[in-house]
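This report introduces a structure to a reader who has not met it before. Please consult the sequence and the model while reading the sections below.

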Amino acid sequence: MNNRSIKKLEADLWESADLLRAGSKLTSNQYCMPVLGLLFLRYAYSRFKMAEEEILKNRPVRNGRKMPVEAKDFAAKSALYLPQMAQYYWLVNLPENVVSLELTNVSGQMMASLGEVVNNAMELVEQQSTQLTGVLPKSYTDFSDDLLGELLRIFNNNALDEVGGDVIGRIYEYFLNKFAKNIASDDGVFFTPKSLVKMIVNILEPASGVLLDPACGSGGMFVQTGDFVHKAGLQANSSMTFYGQEKVEYNAQLCLMNMAVHGLTGVIKSGDEANSFYHDAHNLEGCCNYVMANPPFNVDKVKAESAANAGRLPFGVPKENKNKEIGNANYLWISYFYAYLNETGRAGFVMASSATDSQGSDKDIREKLVKTGHVDVMISVGNNFFYTKSLPCTLWFFDKGKADELKDKVLFIDARNYYTVVDRTLNEWSEWQLKNMNAIVWLYRGETEKYKALLEEYQSVMKEMIDEIGDDALNAIMDDLFIGGLEEAKKYLKTLRESAKKEIEVCDRKEKKQLQTSWDEKIASVEEIAEVAKEAHWLYSKFGEGTYEDIPGLCRIADIEAIESKGWSLTPGAYVGVTPVEDDGVDFAERMAQIHQELLSLQAESNKLMDTISRNMKEMGL
């Protein structure tokens, strides 16, 4: 199943599930956790069946019968053992009249509805995993049996078995994303947009050791780290140790389910003891190889004395107000992230844009931080990257293990104008845009081999995409991919659209819909090729075969002296400047005169129209 098919499956499953919600009396908040719980159960069943098949292949035989499987056999395969009453296939095939089966739950009580049976299934799963104890939803009696039965059938889609557990994890994230938009829980902080998380993980490049997210929400940092480590050929659970703090219990449950769906284990603490302002819940100060987070921005009314007593403030406590409170906690978070790192640790986090330039005690802390030489990369992010708010933000990166030649340098990247529009209210970085931004960091670090590998990846992926379409005319793109490839792709796309329009206009009416679909699919494939060519051109036009340069309006490496001269600001825009505007060859004075004449003409037309309207109204007696 290719990427386009998986996207369609995601969208189809969401549409079906959301239609059911719309037809019920449940709010998105009531609906979110139970639906994600069913997706989790479907994932657990998929892994269970795959593990069972492997276990039975070499199962010992006694008296002509294979020995029964046991829970410990599944643990060895990193899968949960599922008793029959927790197996998805069994649940989806229950008769309508559940009472007639006289089923009893884990407490020995008779069950009278499908909701009770599914609640019991969740209890049975929790008995197999200490990490999941008390985490899975058990509110299925809030659903009518008809609604719950239909949901079970939606997620019984055979395509989920074909694509396997990894894609079910992706679908889980897709649903989490969609619910985040609807619920806007805690101003949307429980779900960090995937492209921001990926950027943080890509730049930190986690490999092994301790990872802490002290504001872990639904666990996106852990999931993306797991993916990154797996792609490097390592096992995330054996090479990484995951720790999280999340004050909101609901979000911590989402996190543990999210991790479980992706086959990850970790220690997540929630509730009052997980309030990072007052508690280092895992006692990890100075112990972490990696810290990643998207903390809530601009939190006020943090008790200054309690925060000071909780420690992790190597640069001092931000100034308190007359109420002995810290009016803005941004620099508490920034200090924590630094304090948690060991002697070679790396941190990456999302922060309000205002924090790069804030004054008073914030500026004093920022000065001390810069003087450590451990500030590594700063990236400005534009508006509309979050699902529930449009404000811009900045990605901060620390590295205590920086190479000596970079010790007193910071890479500033202004990416406010570099993104992909998803819809009217949401932007993101595409996969190739993420790679391109990462490439700038590689060149800053002197890792030119990674940059060259990316150029090769562009070429190999483009060749695969062109071969899949099978049109020799597209080979012109490959002939000059990084310079003229984009123009060749645009030219081909224009020809394709014109051909499609002509052919559809003259075809038989009965064949029109099928022909339109066929052309749409081909055009979509070529549009993807054009997007890849566009990003390949963007990267190569700036850095060629792999030589870092400061690019006005995009990136600049600044030393501590330059930062001091800017009043210890860490705002990328203060260093990279603006993109030079190309001369379009039009005389300014001449063009302004033309615009002035056009304006006068439009005003005259407007006055004439108003006179006509006034006369008409008078004639009508108004």
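## An enclosed strand

In strand E9 (residues 341–352), 10 of the 12 residues are buried, so the strand is largely enclosed by the rest of the structure. The model described here is a predicted one.

Two pairings of E9 may be described. Strand E6 (residues 288–293) pairs with E9 in the parallel sense, over 5 bridges; in this pairing, Val 291 stands opposite Ala 347 of E9. Strand E11 (residues 393–399) runs antiparallel to E9 and is joined to E9 by 7 bridges. Here Val 350 stands opposite Leu 395 of E11.

## The chain as a whole

The chain has 622 residues, of which 49% count as buried. Its secondary structure comprises 23 helices and 15 strands. Taken along the principal axes, the C-alpha atoms fill a box of roughly 95 × 75 × 70 Å.

The accessible surface of the chain amounts to about 30,600 Å², and carbon and sulfur atoms account for 48% of this area. Among contacts in the chain with a separation of 6 or more, 72% are between residues 24 or more positions apart.

## The nonpolar cores

The largest nonpolar core contains 146 residues, and Phe 155, Phe 175 and Ile 413 are those with the most contacts inside it. Helix H2 (residues 28–57) gives the most to this core, contributing 15 residues. A second core, separate from the largest one, has 45 residues, including Ala 329, Phe 337, Tyr 338 and Phe 349.

The surroundings of Ile 413 can be set out in detail. Apart from neighbours within four places in sequence, Ile 413 is in contact with Val 377, Met 378, Ile 379 and Ser 380, with Met 437, Ile 440 and Val 441, and with Leu 554, Cys 555 and Pro 572.

## A nonpolar patch on the surface

Nonpolar side chains also appear on the surface, where Leu 609, Met 610, Ile 613 and Met 617 form a patch. Together these four residues have about 380 Å² of accessible area.

One member of the patch, Met 617, lies in helix H23 (residues 588–619). Is Met 617 buried or partly exposed? Met 617 is partly exposed, because its relative accessible area is 40%, and that class lies between the limits of under 20% for buried and over 50% for exposed.

How values were computed:
Residues numbered from 1 in each chain as written. Predicted model: local features only at pLDDT ≥ 70, side-chain atom pairs only at ≥ 80, totals over all residues. Heavy atoms only, no water. Patch = residues over 30% accessible without salt bridge, like charges linked within 9 Å, V, L, I, M, F, W, Y side chains within 5 Å. Areas by Shrake-Rupley, 256 points an atom, 1.4 Å probe, with all protein chains shown as cover. Helix = DSSP H or I, 4+ residues; strand = E, 2+ residues; numbered from the N terminus. Buried < 20%, exposed > 50% of the residue type's maximum accessible area, 1.4 Å probe, protein only. Core = buried A, V, L, I, M, F, W, Y, C linked by side-chain atoms within 4.5 Å. Contact = heavy atoms within 4.5 Å. Pairing = 2+ DSSP bridges.
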